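User: Can you walk me through this structure? Short answers are fine.

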Amino acid sequence: MGKKGKELAKERRERRLQEISELRKVPYAPAERWWSSETVAAVTGSNRGIGYEIARQLAVHGLRVIVTSRDGDQGREATGRLREEGLDVDYCELDVSDELSVRSFARSITEKYGGLDILVNNAGVNFNTGSDNSVEYAEKVIDTNYFGVKRMTEAMIPIMRPSASGARILNVSSRLGRANGRRNRVDDITLRDNLLRDECLSEELIDGMVYKFLDQVKSETWVSSGWPQMFTDYSISKLAVNAYTRLMARRLSTRPDGQKIYINCFCPGWVKTAMTGWAGNVSAEEGADTGVWVVLQPGQPDTGKFFAERREISF
């Protein structure tokens, strides 16, 4: 893409963001509001950044929201700020990288609320900013960003409350994890093809990919192995999340009416948060918008899709 092409793309994107800004001013019609003040949504890693803003926006729409974080003091402080706005929020400590913490969270939610209606898997880590591309913390990145999503999803599915509108799961992801994007994709054509073909997609394929990458990190052979060249460990973790989202959508599609669970993922964009070193180009409020829009879809919602800027994008 030449200079003129980049300028046109920038103009289109700015117009789209302006359109979304106007759309956000339009309230949901009463007939579209399938949720109520009894609808319970949990947002992982919501003491700051995108997660905090997703929690805030869901609460503004009238849902009961569970703020979670690994650090109890930070989580309670964030919850207090939201309560000062008059929002219905509670706090529960949660570390998605700890199986015992995830199980304890599931028990607590069941005992206190009788289950969950919406799960937003937002908790994530990234140790690179700017042009940095270290894989020093690759194991932690994969464990939190991908296996953390799996732990939460598998633990929450049994306690998702039945309803005519269906329960909702949303995974916060990134365009950096697109299997067939123009930039930053894996070089292995067979792997890309298998990740995108439903008949080939499996948990073994996704787990095998991330374990192969981690093995090559340990053997210091990852650079020449054709992995994404930008924020490599983070990008692979999100590639795995995207594939897992599609896999789970297929598995959950056979659930009977009244017990449906819809699962999607979305890219918030390059958001000005601590994770990006405040170097993003959109605010947390703007970044959270599409995620909130996805989980609040009225009628028959989408499932197994990838969204950005209130539109479906390719995996």
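Analyst: Let's start with arginine 151. Arginine 151 touches Val96, Ser97, Glu99, Val102 and Asp143, leaving out residues up to four places away in sequence. Contact means heavy atoms within 4.5 Å.

User: Before I go on, what am I looking at, and how are residues numbered?

Analyst: This is a predicted model: local features need pLDDT of at least 70, side-chain atom pairs count only at pLDDT 80 or more, and totals for chains, interfaces and linings use all residues. Residues are numbered from 1 along each chain as its sequence is written, and side-chain values use heavy atoms, with hydrogens and water left out.

User: Is arginine 151 buried or exposed?

Analyst: Arginine 151 is buried, with a relative accessible area of 16%. Buried means under 20% relative accessible area, exposed over 50%, partly exposed in between (1.4 Å probe, protein chains only).

User: Which element does arginine 151 lie in?

Analyst: Arginine 151 lies in helix 5. Helices (H or I, at least four residues) and strands (E, at least two) are DSSP runs, numbered from the N terminus.

User: What does helix 5 pack on?

Analyst: I'll take the sheet before the helix. It is an open sheet of eight strands in the order 3-2-1-4-5-6-7-8, with mixed pairing. Two strands pair if DSSP finds at least two bridges between them. Helix 5 (residues 138-156) packs on this sheet and touches strand 4 (118-121) and strand 5 (167-172). The direction of helix 5 makes about 170 degrees with that of strand 4. Axes are lines fitted to C-alpha atoms, for helices over the stretch in contact, and angles run from 0 to 180 degrees between N-to-C directions.

User: Which strands are at the edges?

Analyst: Strand 3 (89-93) and strand 8 (311-313). Each pairs on one side only.

User: How many residues of strand 3 are buried?

Analyst: Four of the five, so strand 3 is largely enclosed by the rest of the structure.

User: How many bridges join strand 2 to strand 3?

Analyst: Five, and the two strands run parallel. Strand 2 covers residues 64-69. Isoleucine 66 has aspartate 90 of strand 3 as its bridge partner. Valine 67 stands opposite tyrosine 91 in strand 3.

User: Back to the helices. How do helix 5 and helix 7 cross?

Analyst: Their axes come within 10 Å and cross at roughly 160 degrees. That makes helix 5 roughly antiparallel to helix 7 (angles under 35 degrees count as roughly parallel, over 145 as roughly antiparallel, 65 to 115 as roughly perpendicular and the rest as oblique).

User: Which residues meet there?

Analyst: Among them are Ile142, Tyr146 and Phe147 in helix 5, and Ile206, Val210 and Leu214 in helix 7. By class, this contact of helix 5 with helix 7 has ten nonpolar, no polar and six charged residues. Ala, Val, Leu, Ile, Met, Phe, Trp, Tyr, Cys and Pro count as nonpolar, Asp, Glu, Lys and Arg as charged, and the others, Gly among them, as polar.

User: What about helix 6 and helix 7?

Analyst: Helix 6 (residues 189-196) and helix 7 (residues 203-218) pack at about 145 degrees, with axes 10 Å apart. Leu191, Asn194 and Leu195 of helix 6 make the contact with Leu205, Ile206 and Met209 of helix 7. That contact has five nonpolar, one polar and no charged residues.

User: New topic. Where is alanine 123?

Analyst: In the loop between strand 4 and helix 5. Alanine 123 is buried, with a relative accessible area of 17%.

User: How far is alanine 123 from serine 46?

Analyst: They are 77 residues apart in sequence and 7.4 Å apart in space, C-alpha to C-alpha.
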